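Thank you for sending this model; my comments follow as numbered points, to be read with the sequence and the coordinates at hand. They move from the core to the metal site and the pocket, and then to individual residues and backbone details.

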Amino acid sequence: MNSDSNYIDIHTHSLKKSETIQVYNQPIEETFHANLCSVGIHPWHIDIANTKQQLEKLETLLESKKALAIGECGLDKLIDVPIQLQETIFKEQLRLAEKHKKTIIIHCVRAFDDLLRIRKEMKLTVPMIVHGFNNNKEIALQLLKSGCYFSFGKALLIKDSNASQVISIIPSDRLFLETDDADTTIENIYSAASNILNLETETLKKIISANFKNVFLHS
Ligand SMILES: [Zn+2]
């Protein structure tokens, strides 16, 4: 697994062609059907009456070697779930990530200050990847300074998006690519990133492959 010539999709909600290395985003209610996955409680899917059970289920799933990461999890200020509860559930997942030495895949909407505060307060040591990054340069620089990794997806297909503008300032050892829930292929995302970064696709594959080994296969 994980030869330098593979495309690597670090966050997808649907499994595609088998020659691509995919980290499938698995909801905790599902049993394993992907070779590699992340498991987590998305803020949208917090079940207010059953958070204890949800967290217990998550910890059981983390015992599998297939579970490379916890996520997507995080904070979302555009939904009705109270932000305090979101923060509590997020922190519990961060504790599990530290305990089981798992990478964290972050969903963050309008809550980057909180994310940075929590990361600092908890003195996290496990890698944290902000997925679907499509925010401005100031936020990118703050996340970089705090040691975060970035994953870019469909926003790279739009010429003037924040993602397309910001990807060039991300050091190559902090970079990942993903399809998420988009109706596109990881090949298209690599192609868009190659064009913006002025890199051969083969070079980009080697870069992402090295990052994947460092960040996901570290234990
Ligand atoms: Zn997603």
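1. A nonpolar core is taken here as a set of buried Ala, Val, Leu, Ile, Met, Phe, Trp, Tyr and Cys residues joined through side-chain atoms within 4.5 Å. Please keep in mind throughout that the model is a predicted one. The largest such core has 71 residues, and the members that touch the most others are Phe133, Leu143, Phe152, Leu177, Phe212 and Phe216. Strand E4, residues 67-76, gives the most to this core, contributing six residues. As general background, nonpolar side chains in soluble globular proteins tend to be buried together.

2. Phenylalanine 133 deserves a look of its own within that core. Leaving out residues up to four places away in sequence, phenylalanine 133 touches Phe112, Ile139, Ala140, Leu143, Phe150, Ser151, Phe152, Ala163 and Val166. Two of the residues in this list, Leu143 and Phe152, also stand among the core members with the most contacts to other members.

3. Which protein atoms serve as donors of the zinc ion? They are NE2 of His11, NE2 of His13, an OE atom of Glu72 and an OD atom of Asp180, lying 2.1 Å from the ion. The angles among these four donor atoms run from 89 to 178°, and the site is classed as irregular. Because four donors count as tetrahedral only if all angles lie between 85 and 135 degrees, an arrangement that reaches 178° falls outside that class. I would read the label with some care, because water is not among the atoms and sites may therefore look incomplete.

4. Along the chain, the zinc donors follow the spacing H-x1-H-x58-E-x107-D. Distant parts of the chain are linked in this way: histidine 13 sits in the loop between strand E1 (8-12) and strand E2 (21-27), while aspartate 180, 167 residues apart from it, sits in the loop between strand E8 (175-177) and helix H6 (186-197). Histidine 13 counts as partly exposed because its relative accessibility is 33%, whereas aspartate 180, at 16%, counts as buried, the cut-off for buried being under 20%.

5. The largest pocket has a volume of about 620 Å³. It is lined by 31 residues, of which Trp44, Glu72, His107, His131 and Asp180 are the closest to its centre. Strands E2, E4 and E5 (103-109) are the elements that give two or more residues to the lining. Glu72 and Asp180, named here, are also among the donors of the zinc ion.

6. Strand E4 can be examined further through isoleucine 70, which belongs to it. With a relative accessible area of 0%, isoleucine 70 is buried. Its contacts, not counting residues up to four places away in sequence, are Val39, Gly40, Leu58, Leu62, Gln93, Leu96, Ala97, Lys102, Thr103, Ile104 and Ile105. For one of these partners, lysine 102, the C-alpha to C-alpha distance is 6.3 Å across a sequence separation of 32 residues.

7. Serine 38 lies in strand E3, residues 37-40, and is likewise buried, its relative accessible area being 0%. Beyond its neighbours within four places in sequence, serine 38 is in contact with Val23, Tyr24, Asn25, Gln26, Ala69, Gly71, Glu72 and Ile105. The C-alpha atoms of serine 38 and threonine 12 are 9.5 Å apart in space, with their positions 26 residues apart in sequence.

8. Some backbone features should be checked by eye. Most residues other than glycine have a negative phi, and most peptide bonds are trans. Here the peptide bond from glycine 71 to glutamate 72 is cis, with omega near -5°, and glutamate 72 lies in strand E4. Arginine 110, in the loop between E5 and helix H3 (112-121), has a positive phi of about 55° and, at 63% relative accessibility, counts as exposed. Lysine 123, in the loop between H3 and strand E6 (128-130), has a phi near 45° and is exposed at 67%.

9. Finally, lysine 159 is placed in the loop between strand E7 (149-152) and helix H5 (162-166). Lysine 159 is exposed, with a relative accessible area of 73%, and touches Ser164 and Gln165 when residues up to four places away in sequence are not counted. Its C-alpha atom is separated by 9.1 Å from that of isoleucine 196, 37 residues apart along the chain.

Note on methods. Residues are numbered from 1 along each chain as its sequence is written. This is a predicted model: local features need pLDDT of at least 70, side-chain atom pairs count only at pLDDT 80 or more; totals for chains, interfaces and linings use all residues. Side-chain values use heavy atoms; hydrogens and water are left out. Buried means under 20% relative accessible area, exposed over 50%, partly exposed in between (1.4 Å probe, protein chains only). Helices (H or I, at least four residues) and strands (E, at least two) are DSSP runs, numbered from the N terminus. Contact means heavy atoms within 4.5 Å. Donors are N, O and S atoms within 2.8 Å of the metal (3.2 Å for Na, K and Ca); water is not among the atoms, so sites may look incomplete. Four donors count as tetrahedral if all angles lie between 85 and 135 degrees; four count as square planar and six as octahedral if opposite donors are over 155 degrees apart and all others between 65 and 115; anything else is irregular. On a 1 Å grid over the protein atoms alone, a cavity is a set of points where a 1.4 Å probe fits but cannot get out, and a pocket is an open set with protein on both sides within 12 Å along at least five of seven lines; lining residues have an atom within 4 Å of a point. Grid points are joined across faces, edges and corners, and a volume is the space filled by probe spheres set on the points.
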